Amino acid sequence: MELHTGLIEINWTSLMILINIFILYIVLKKFFWEKVKAFMDDRSNSIRDAIDAADAMNKRADLKLAGYNKKIAGIEDEGREIIKKAKATADIQAQMVIEEARKEAQDIIAKANRTVELEREKAVEEMKQEITTISLMVAEQIIGKEISVSGHEELVEEAIRKVREGQWQN
C-alpha cells in the first residue's frame with residue numbers, strides 16, 4: 001500500500017511556518033514598511049516631477065519653435081524684399097547705362113556728321129581751287145597769255161554756282 005499524501009497537509013510544521021511568516025510580516029512592517037513606502041512614494045513623486053518638467057520643457061520648446069518659425073518667415077520676407085529692392089536698383093542702373101550709351105552714340109554720330117561736313121567743305125574748297133587752276137590753264141592756252149587769278153575768281157565762282165544749281169549749259 002501506498003501512502004499518498006495530499007498537496008497541502010496541516011501539521012505542526014505547517015503551523016510553525018505560518019507563525020514564522022506572520023512574525024516576519026509584523027517585524028518587516030514595524031521596521032521597514034515605512035521606509036519602503038517612503039522610498040516608493042519618493043520615487044513615484046520624482047518620476048511625476050520629471051514628467052511634469054519634461055512637459056513644461058516641451059511647451060517652452062514649442063513656444064521657442066513657433067517664435068523661430070515666425071523669425072524665419074520674417075527673415076524670408078525680408079530677404080525677398082532685399083532681392084526686390086536690389087532688382088529695382090539694378091534695373092535703374094541698367095536704364096542709366098543704356099541712356100548713357102545712347103547719349104554717347106548720339107555724340108559720336110554728331111561728331112561724325114560734323115567731321116563729314118568739314119571734310120565735304122574741305123573737298124569742295126579743294127575742288128574749287130583745282131577747277132580754278134585748270135580753268136586758268138585752259139584759258140591761258142586758249143588766249144595764249146596769262147590771266148590773273150584774282151580777276152577771274154568771280155567767273156569761276158559763278159560757274160561753280162551754276163553747276164550746283166544745274167543751270168550750266170554747254
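The legends below describe close-up views of a predicted model of one chain.

**View 1. The whole chain is built from helices, with zero strands.** Three helices are present, and from the N terminus on the elements run α-α-α. Helix α1 covers residues 12–31, helix α2 covers residues 33–143, and helix α3 covers residues 149–165. The chain has 170 residues, and buried residues make up 4% of them. Its accessible surface comes to about 16100 Å². Carbon and sulfur atoms account for 62% of that surface.

**View 2. Confidence is shown for the chain and its elements.** The mean pLDDT of the chain is 84, and 83% of the residues reach 70 or more. Among the elements, helix α1 has the highest mean pLDDT, at 90. The lowest mean value, 70, belongs to helix α3.

**View 3. Lys-128 is a buried residue in helix α2.** The relative accessibility of Lys-128 is 18%. Lys-128 counts as buried because this value falls under the 20% cut-off. With neighbours within four places in sequence left aside, Lys-128 is in contact with Glu-157 and Ile-160. Helix α3, residues 149–165, includes both of these contact positions. This is the helix with the lowest mean pLDDT among the elements of the chain.

**View 4. Lys-37 and Asp-41 are joined by a salt bridge in helix α2.** The N to O distance between the two side chains is 4.0 Å. Lys-37 and Asp-41 are four residues apart in the helix, so about one helical turn separates them. Both residues are partly exposed: Lys-37 has a relative accessibility of 42%, and Asp-41 has a relative accessible area of 37%. Each value lies between the limits of 20% and 50%, which is why neither residue is classed as buried or exposed.

**View 5. Asp-77 pairs with Arg-80 in a salt bridge.** The closest N and O atoms of this pair are 2.9 Å apart. Both residues lie in helix α2, where a spacing of three residues amounts to about one turn of the helix. Asp-77 is partly exposed at 46% relative accessibility. Arg-80 has a relative accessible area of 52% and is therefore classed as exposed, the cut-off being over 50%.

**View 6. Glu-99 and Arg-102 form a salt bridge in helix α2.** Here the closest N and O atoms are 3.8 Å apart. Arg-102 and Glu-99 are three residues apart in the helix, so their separation is about one helical turn. Glu-99 is partly exposed, with a relative accessible area of 36%. The count for the model comes to four salt bridges, among them the pairs Lys-37 with Asp-41, Asp-77 with Arg-80, and Glu-99 with Arg-102.

Key: Residues are numbered from 1 along each chain as its sequence is written. This is a predicted model: local features need pLDDT of at least 70, side-chain atom pairs count only at pLDDT 80 or more; totals for chains, interfaces and linings use all residues. Side-chain values use heavy atoms; hydrogens and water are left out. Helices (H or I, at least four residues) and strands (E, at least two) are DSSP runs, numbered from the N terminus. Buried means under 20% relative accessible area, exposed over 50%, partly exposed in between (1.4 Å probe, protein chains only). Accessible areas come from the Shrake-Rupley method with a 1.4 Å probe; for residues, only the protein chains shown count as cover. Contact means heavy atoms within 4.5 Å. pLDDT is the predictor's confidence in each residue, from 0 to 100.
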